[in-house]
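Please examine the sequence and the three-dimensional structure shown below. The paragraphs that follow lead from one annotated residue to the strands and then to a helix.

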Amino acid sequence: MTLNSKIPAGPLEEKWTRYKKTAKLVNPANRKKLDVIVVGTGLAGSSIAASLGEMGYRVKSFCFQDSPRRAHSVAAQGGVNAAKNYKNDGDSVYRMFVDTLKGGDFRAREANVYRMAECSLNLIDQAVAQGVPFGREYGGYLNNRSFGGVQVSRTFYARGQTGQQLLLGAYQALMRQVGKKTVQLFSRHEMLDVVVIDGKARGIIVRDLDTGVIERHAAHAVILATGGYGKIYYLSTLAMGCNGSAIWRAHKKGALMASPSWIQVHPTSLPQSGDYQSKLTLMSESLRNDGRIWVPLKLDEKREPNDIPEEDRDYYLERRYPAFGNLAPRDISSRAAKERIDAGFGIGPLKNAVYLDFAKAIKEQGKDKIAEKYGNLFDMYHKITGYDAYSEPMMISPSAHFSMGGLWVDYELMTTLPGLFALGEANFADHGANRLGANSLLQASVDGYFIAPYTIANYLSNEIHTGEIATDHIEFEKAELAVKRQIEELLQIKGNKTVDHFHKILGKLLYDYCGLARNEEGLKYAIAEIRKLKQEFYDNVMVSGQPDSLNTELEKAGRVADYFEIGELMCYDALTRKESCGAHFREEYQTADGEALRNDADFQFISAWAWKGDGEEPELIKEPLTFEEIQPTVRSYK
């Protein structure tokens, strides 16, 4: 298979404009004849469903939560990027493009990255019109702050709840279309398979999570906006329900999976405090604007943090990366924290954390100013830990967070399965090997509001003569039977170990061998162990309950079954990429001072993987990356 990214010809800054000029359209009368399925109701899913509903298409929107408002976009706290240059500090679309490409270690397409930066200009106006209460300066102007990997202030924020406020705007737009009956909303429904007819995605099989009923839904196009798969590590910043099953089921039906091993570990999470935990809590990267990160200089330091003088502290990010300091990119900051912790300088009861200290900022700006900017985050920290971050440093630690990998998509956000689109974190595009903070809300929003409405219309323009898609087609029947067989198989195992038991083992295995650092021996070991664990799962898992009712254990079992296969592919991907880039840090490939050593001569490509069957090795298909506007350079933040 040869991958066609469909990048428009012409100068970089004109590609998207040219595409929009030449893209095919569907007239309003014909839109009423076309059905579109959208799976997921986060920022990407809600925005595209609302946009297509407003245009007049017949849209079905699905989410497994009890309300679209429960989508995990609410958890993004710190802000959303836009190259508005409100601070007059030299920002521009081009600078944002360069920062993002460099931040991803030159492992993303120039055209996609530039388009995201270009579309960022419209997003803030869109969000303000929806009523998003962005932070403002005294005079009423929208305020900005900085995030990691940049030297300008381009991050717009609503205190520490930006994702929630943006999602409320998208949710209102979605519910407006539900009220107008252009969008049908199916909450508490989980997609279990994609239906392919004559080589095109034509619908999905879903399970009503309350009744257990298996349903068929047909459409002329299917859009997956189901987020990432970072919950594969079990302990992560993601909600318990987050999973990778939707994109994985699509992958097994023909959609290639790209760069699956590129998983971001966030440096600003609360540390694990015990084996009883099921998730970790994210503290916004925005805190690194004013907080200083440090560990004690002495091993086995017994003093309380406030009793440790400056000369006995190691502000290791400021020491190692003076140009960016505490706002070094996430991958670099997380590895630096791990290095200090592994060297024995970790703090806290389990010695698995570092300090994030606001004493200097409070002294210079006053407690009230810090509370104005981060008050809800400080309150959350106090509620969870019992410690007051106004009077002593926070304790933070790296934690699995974001999937840069996902379904391979072209410039139109369509997968290798015609008619199947992937938006937001469900696709691999825009971020490369590492995502800069505040770009996830941006990508999800611009994919749904500004990009996919054009590209999906271009595809649907050839579907106006197709007619209704019948759910009694043999392919719907075969897909439904396959789904029911898997459910029956899981329920009939009758073992004595819980689904969570297997998930925890898999998560630790991946974190240890395909997490912040990887090496050839560890990855080969992980692949072998995952296969053993998968076999034990199918021999000895216990899934209680019945298929025709509410059954959360059954839901989890299906998702963890997919995680075994996703985890194995992650390790294959990491094993074949013999370089270090972004979040992919191969210990064999590093500089003398411990930085990532990229290999552009041999690995300047996107790894796309094809499913070849259970137990078979996946097939690697390469999409070469070409850089016309800027040439890859050594990524340095020193």
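Which residue does UniProt list for "active site"? The UniProt record, an unreviewed entry, lists Arg-330 under that heading. The model in view is predicted, and the annotation comes from the record. Within the model, Arg-330 belongs to helix α9, which covers residues 330–345. Is this residue buried or exposed? Arg-330 has a relative accessibility of 6%; because buried means under 20% relative accessible area, Arg-330 counts as buried. Leaving out residues up to four places away in sequence, Arg-330 touches a number of others, including Phe-147, Glu-285, Arg-288, His-401, Asn-434 and Arg-435. Gln-264, Val-265, His-266 and Pro-267 are also among the residues that Arg-330 touches.

Strand β11 comprises residues 263–269 and takes part in an open sheet. Five strands form this sheet, in the order β11-β15-β14-β12-β13, and their pairing is antiparallel. Strands β11 and β13 (313–314) stand at the edges with a single partner strand each, so one side of each is left without a neighbour in the sheet. Further inside the order given above, strand β12 (residues 292–296) pairs with strand β14 (residues 354–357) in the antiparallel sense, over 3 bridges. One pair of residues illustrates this arrangement: Ile-293 has Leu-356 in β14 as its bridge partner.

Attention may now turn to strand β9, which consists of residues 221–224. In a regular strand the side chains alternate between the two faces of the sheet. In β9, Ala-221 and Ile-223 lie on one side, while Val-222 and Leu-224 lie on the other. All four of these residues are buried, and both faces of the strand are thus covered.

With which strands does β9 pair? One partner is strand β1 (residues 35–39), which pairs with β9 in the parallel sense over 4 bridges; here Ile-37 stands opposite Val-222. Another is strand β17 (residues 420–422), which runs parallel to β9 and is joined to it by 3 bridges. In this second pairing, Phe-421 of β17 is the bridge partner of Ile-223.

A final example is Glu-480, located in helix α13 (residues 474–492). Glu-480 has a relative accessible area of 11% and is therefore buried. The side chain of Glu-480 makes a polar contact, at 2.8 Å, with the side chain of Lys-484. When neighbours within four places in sequence are set aside, Glu-480 is in contact with Ile-205, Ile-214 and Arg-216.

Key:
Residues numbered from 1 in each chain as written. Predicted model: local features only at pLDDT ≥ 70, side-chain atom pairs only at ≥ 80, totals over all residues. Heavy atoms only, no water. Helix = DSSP H or I, 4+ residues; strand = E, 2+ residues; numbered from the N terminus. Buried < 20%, exposed > 50% of the residue type's maximum accessible area, 1.4 Å probe, protein only. Polar contact = N/O pair within 3.5 Å; in protein donor to acceptor, adjacent residues only side chain to side chain. Contact = heavy atoms within 4.5 Å. Pairing = 2+ DSSP bridges. UniProt positions renumbered as here; feature names shortened; annotations may be inferred.
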